[in-house]
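Biologist: I am new to this structure and would be grateful for a close look at a single part of it. Please describe one loop in detail, together with whatever helps to place it.

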Amino acid sequence: MSGPFLDGFDQFDFTSEGTTKTVYVRGEGPAIVLMHELPGMVPECVQLAHRLVTRGYRVYMPLFFGEPNTMKIVRYTAQVCISNEFALFAQGQSSPITTWLRALCRRAHDECGGPGVGTIGMCLTGGFGLALMAEPAVIAPVLSQPSLPIGPGNRQADPGVEPAVLAQVRERLDTEDRQVLGLRFTGDRLCRQPRFDTLSRELGDRFLRFEIDSSRGNAHGIKPWAHSVLTVDYVDRADHPTRQALDQVFEFMDRHLHG
């Protein structure tokens with residue numbers, strides 16, 4: 001059930017390899033697959049979709065769990081933890097749901113045409129853009145606070161994909177002159193600096209890292225626990241770093257999808 005919360009969106013059920021999920025879609029132009037984070041498909045996520053539509057994109061929003069406009073963090077966290085679709089703790093492994101997402105990206109490209117598809121993942125979906133680059137249609141991945149795998153030690157530096165997939169991403173970035181954009185707050189305890197350091201080391205200058213100071217006493221009063229760059233912690237003010245991060249996303253998508 002969508003209600004007025006998703007006014008203007010069409011929806012369809014998409015099935016691939018036995019997995020079916022509802023996808024909400026709106027807009028005209030090149031396709032962007034926008035993947036919601038753990039609180040669910042909350043108003044801030046839908047507002048991000050509207051901003052992308054206004055920019056000139058057709059946005060596909062798959063619903064991974066729960067219902068739109070419902071935030072039940074404890075319930076949804078438990079649901080994700082027992083799901084076999086998300087590899088929450090596994091190192092060097094893509095989440096199984098990315099196979100379904102690749103098929104969705106192919107469909108979106110078939111429907112919208114253009115040079116390819118952009119993707120935006122956030123939090124537990126934040127790193128999915130790397131795995132999705134195994135699909136040739138995906139050419140502009142944004143990794144916003146990529147948080148998988150969760151855990152201490154080496155997990156904090158793990159990029160959340162198999163080494164073979166990471167090598168494939170490297171090759172595509174070089175041969176096709178592509179880039180990957182990463183966003184995070186410096187104090188984020190789920191997406192720590194070692195993960196971005198790994199991506200910088202593995203992808204070189206093809207990885208564009210945009211890090212926002214959230215240390216205590218920072219100039220913009222950003223809370224030390226800030227996490228969601230483009231949604232919950234976003235501030236729509238021209239001088240605010242999160243607005244500048246969104247501008248970076250716009251410019252990134254325009255360069256690769258409209259260029």
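**The loop between β6 and α5**

Modeller: The model is predicted, and I150 is a suitable starting point. This residue counts as partly exposed because its relative accessibility is 30%; the class of partly exposed lies between buried, under 20%, and exposed, over 50%. I150 lies in the loop that runs between β6 (138-144) and α5 (163-175). On the surface, I150 belongs to a nonpolar patch with F89 and L190. Together, these three residues have about 250 Å² of accessible area.

The same loop between β6 and α5 also holds P149. The peptide bond between L148 and P149 is cis, with omega at about 0 degrees. As a rule, most peptide bonds are trans, and most residues other than glycine have a negative phi.

Q145, too, has its place in the loop between β6 and α5. Its backbone shows a positive phi, near 40 degrees, although Q145 is not a glycine. Q145 counts as buried, because its relative accessibility is 0%, and the cut-off for that class is under 20%.

For comparison, D177 is found in another loop, the one between α5 and β7 (180-185). D177 is likewise a residue other than glycine with a positive phi, in this case near 55 degrees. With a relative accessible area of 52%, D177 is exposed, whereas Q145 is buried.

Definitions and conventions: Residues numbered from 1 in each chain as written. Predicted model: local features only at pLDDT ≥ 70, side-chain atom pairs only at ≥ 80, totals over all residues. Heavy atoms only, no water. Patch = residues over 30% accessible without salt bridge, like charges linked within 9 Å, V, L, I, M, F, W, Y side chains within 5 Å. Areas by Shrake-Rupley, 256 points an atom, 1.4 Å probe, with all protein chains shown as cover. Salt bridge = Lys/Arg side-chain N within 4 Å of Asp/Glu carboxyl O. Helix = DSSP H or I, 4+ residues; strand = E, 2+ residues; numbered from the N terminus. Buried < 20%, exposed > 50% of the residue type's maximum accessible area, 1.4 Å probe, protein only.
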